[in-house]
Amino acid sequence: MQIRQRALLDLMGEPGVRFSIPRFQRSYSWGAEQCDELWRDILRAARAHRSHFVGTLIYCEDGGGLTVVDGQQRLTTVTLLLVALARHLDRSGVQLFGLDGASIASTYLVQEGRLKLSLSAVDAPSLEAVVRGAELPERPSARIVENLANFEAKMLGEGFDAMELLSGLQSLVVISAELDDKAQAPAVFESFNSKGVPLVTADLVRNFLLLAESHAEQSRLYEKYWAPICGVFGDDPGSLKLNNAILGWLAVRLKAARKFGDAQAFSIFKSFCEDEYEGTVDDLLEELYAFCMVWAEHYRYHAVKKYKTADWATLGHKTRVSNRKRAPMDNPDSAAYYKKHFGVDPQW
């Protein structure tokens with residue numbers, strides 16, 4: 001297996017390279033939630049002038065083309081984004097880095113009269129139609145039509161910056177892995193999509209808060225906060241109790257997490273941290289630790305309703321959500337601390 005880190009647009013725009021989706025894969029299935037998150041990630045990457053990793057693209061060579069084993073959803077969604085951007089540039093007559101709508105189409109969408117990305121039989125006619133600007137088939141792929149319309153609507157919105165979007169698209173990075181043997185493809189697809197235990201929200205929160213730090217800082221944060229957070233739940237197979245506590249914390253912390261539910265909790269948390277939060281990682285982890293202590297104390301009854309009705313600033317650590325200045329911290333290991341802040345008397 002040959003593995004490289006590459007800019008996604010460089011790979012998609014490479015002359016002579018065409019991608020095809022094999023029959024054993026599912027049809028294109030990303031919805032508005034996934035597309036909106038990718039859109040936000042692209043714009044954040046552009047504003048921060050940094051690359052953004054969008055996963056692994058696994059493929060094998062097949063008669064001059066590249067058969068995609070894993071990565072269909074991202075490839076198709078970025079293709080739809082490029083279709084929408086090309087249409088936007090055609091309407092406005094604007095050029096970006098010397099690129100207009102026609103040059104985007106000839107670089108990333110169509111080469112030598114053939115689409116750069118060929119989908120499965122169910123989706124192929126719809127993608128062909130939207131790329132070429134032709135009439136949709138009698139039964140179009142709903143996801144392709146809806147997601148393209150979503151992207152086009154965003155580009156018509158107030159404040160849209162096409163240069164920023166293209167810059168963000170150019171910042172997308174993938175790990176490309178080319179299989180040596182085409183016969184491996186079904187087994188690799190199965191391994192990536194059905195084996196192993198999926199990450200839960202607790203895993204995603206931990207990785208988001210710790211992995212961007214240096215090794216020394218990761219160790220400090222883990223030892224000072226994460227290990228004690230896990231420790232309050234004792235034996236917790238699969239991190240079930242920890243995950244429920246973190247979902248409860250996010251529901252209290254962020255109104256959008258309550259509105260959209262557990263499935264979107266991490267995405268909302270990530271957006272909050274990157275777009276709004278001005279505190280430190282220490283502040284968030286201190287607050288999470290305090291919440292988990294109360295949650296663990298009442299785990300059987302989930303008696304944390306007061307968090308949803310009272311002023312959070314009067315109950316826990318005072319971070320950016322508080323309208324008051326942060327008070328000096330008491331010793332968080334003392335029973336008096338929890339009696340004072342949470343009105344409970346832990347039976348240690």
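## A tour of the predicted model

Begin with a group of rings: select Phe208, Trp249, Phe266 and Phe269, which ring pairs link into a cluster. The model you are looking at is predicted.

Keep Phe208 and Phe266 from that cluster on screen. Their ring centres are 6.1 Å apart and their planes stand at 80°, so the pair is edge-to-face. This pair links distant parts of the chain, with phenylalanine 208 in helix α9 (residues 201-210) and phenylalanine 266 in helix α13 (residues 265-275), 58 residues apart. Phenylalanine 208 has 25% relative accessibility and counts as partly exposed, while phenylalanine 266, at 15%, counts as buried.

**The whole chain**

Zoom out to the full chain of 348 residues, of which 48% count as buried. A cartoon view should show 16 helices and eight strands. Among contacts with a separation of 6 or more, 70% are between residues 24 or more positions apart. The chain exposes about 18000 Å², with carbon and sulfur atoms supplying 51% of that area.

**The sheet**

Now select the strands. Six of them form an open sheet with mixed pairing, in the order β1-β8-β3-β4-β2-β7. Its edge strands are β1 and β7, each of which pairs on one side only.

Go to β8 (172-179). Seven of the eight residues of β8 are buried, so the strand is mostly covered; buried here means under 20% relative accessible area. Which way does β1 run relative to β8, parallel or antiparallel? Strand β1 (residues 2-7) and β8 run antiparallel and are joined by six bridges. To see the register, pick arginine 4, which stands opposite serine 176 in β8, and isoleucine 3, whose bridge partner in β8 is alanine 177.

Then turn to strand β3 (residues 52-62), which runs parallel to β8 and is joined to it by seven bridges. Here threonine 56 stands opposite isoleucine 175 of β8.

**Helix α7**

Select residues 162-170, which make up helix α7. Its buried residues are Ala162, Glu164, Leu165, Leu166, Gly168 and Leu169. They pack against α1 (8-12), α2, α3 (72-92), α6 and β8. What caps the N-terminal end of α7? Aspartate 161 does, with a side-chain oxygen 3.0 Å from the backbone nitrogen of methionine 163.

**Helices α3 and α5**

In helix α3, select glutamine 72. This residue has a relative accessible area of 2% and is buried. Add serine 29, which is 43 residues from glutamine 72 along the chain; their C-alpha atoms are separated by 9.5 Å.

Next show helix α5 (residues 124-132), where Ser126, Leu127, Ala129, Val130 and Val131 are buried. The elements covering these residues include α3, α4 (101-109), β5 (110-111) and α6. Just after α5, glycine 133 takes a positive phi of about 70°.

**Charged pairs**

Switch on the charged side chains. The whole structure holds 15 salt bridges. One of these pairs is arginine 6 with glutamate 14, whose closest N and O atoms are 2.8 Å apart. Arginine 6 counts as buried at 14% relative accessibility, whereas glutamate 14 counts as partly exposed at 30%.

Select lysine 270 and aspartate 41, which form a salt bridge with closest N and O atoms 3.5 Å apart. Lysine 270 is in helix α13 and aspartate 41 in helix α2, so their pairing ties together parts 229 residues apart in sequence. Both residues are buried.

Add arginine 44 and aspartate 275, another salt bridge, at 3.0 Å between the closest N and O atoms. This pair also links distant parts of the chain: arginine 44 in α2 and aspartate 275 in α13 are 231 residues apart. Arginine 44 counts as buried at 7% relative accessibility, and aspartate 275 as partly exposed at 47%. Select Glu37, Asp41, Arg44, Lys270, Glu274 and Asp275 together to see one network joined by salt bridges that share partners.

**Last stop: a stacked pair**

Return to the rings. The model has seven aromatic pairs. Tryptophan 39 and phenylalanine 151 have ring centres 6.1 Å apart and planes at 20°, so this pair is stacked. The two residues are 112 residues apart, with tryptophan 39 in helix α2 (residues 32-48) and phenylalanine 151 in helix α6 (residues 142-156). Are these residues buried or exposed? Tryptophan 39 and phenylalanine 151 are both buried.

Technical notes
Residues numbered from 1 in each chain as written. Heavy atoms only, no water. Phe/Tyr/Trp six-rings, centres within 6.5 Å; stacked < 30°, edge-to-face > 60°. Helix = DSSP H or I, 4+ residues; strand = E, 2+ residues; numbered from the N terminus. Buried < 20%, exposed > 50% of the residue type's maximum accessible area, 1.4 Å probe, protein only. Contact = heavy atoms within 4.5 Å. Polar contact = N/O pair within 3.5 Å; in protein donor to acceptor, adjacent residues only side chain to side chain. Pairing = 2+ DSSP bridges. Areas by Shrake-Rupley, 256 points an atom, 1.4 Å probe, with all protein chains shown as cover. Salt bridge = Lys/Arg side-chain N within 4 Å of Asp/Glu carboxyl O.
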